[in-house]
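Trainee: I am new to this structure. Please take one part of the sheet and walk me through it closely.

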Amino acid sequence: MRKVKPGLARHPNELDRKRIERGLSARKRYLYVSPNVTPVWGGYCIESPCCSRNIDKDGALVDVALILYDGVTGIWKLFRKNHAGGVWEFYSLYHRLIPAIDELNADPERLFWQ
């Protein structure tokens, strides 16, 4: 059996990147755009064209969410982008990736898909 060295990141990986990509097809807002899921250290950044023009008047790609995995606790952390301040803001914790994607898709407070 092969042992994984401590300190090596489990994420990002192609399997979970594709899982997020497929999961985003169930979102409630902006169904007519194709979001990008980009690997970042420890997780995934989701960006999408800004169709509403609320964030970018030209409709360029804007950050939607950041999903990071904490390898120590085994917890997924979901962040939203505060576009006015240009910073990521913590949103919630999840024990599994799928509930994080579900929350991002539902976006009941319209904090992600603006």
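Mentor: Two strands pair if DSSP finds at least two bridges between them. Helices (H or I, at least four residues) and strands (E, at least two) are DSSP runs, numbered from the N terminus. This is a predicted model: local features need pLDDT of at least 70, side-chain atom pairs count only at pLDDT 80 or more, and totals for chains, interfaces and linings use all residues. Residues are numbered from 1 along each chain as its sequence is written, and side-chain values use heavy atoms, without hydrogens or water.

Take strand 3, residues 61–70. Of its 10 residues, 7 are buried (under 20% relative accessible area, 1.4 Å probe, protein chains only). On one side, strand 3 pairs with strand 2 (residues 43–49), antiparallel, over 7 bridges. There, glutamate 47 faces aspartate 63 of strand 3. Strand 3 also runs antiparallel to strand 4 (residues 75–82), joined by 6 bridges. Leucine 66 has phenylalanine 79 of strand 4 as its bridge partner. Aspartate 70 stands opposite isoleucine 75 in strand 4. The hairpin of strands 3 and 4 has 4 residues between the strands, and glycine 74 takes a positive phi near 75° there.

Now the whole sheet. It is open, with 5 strands in the order 1-2-3-4-5 and antiparallel pairing. Strand 1 (36–40) and strand 5 (87–94) are at the edges with a single partner strand each, so one side of each has no neighbour in the sheet. Helix 2 (residues 97–106) packs on the sheet, in contact (heavy atoms within 4.5 Å) with strands 2, 3, 4 and 5.

Key:
Buried < 20%, exposed > 50% of the residue type's maximum accessible area, 1.4 Å probe, protein only. Axes fitted to C-alpha atoms, helices over the stretch in contact; angles between N-to-C directions.
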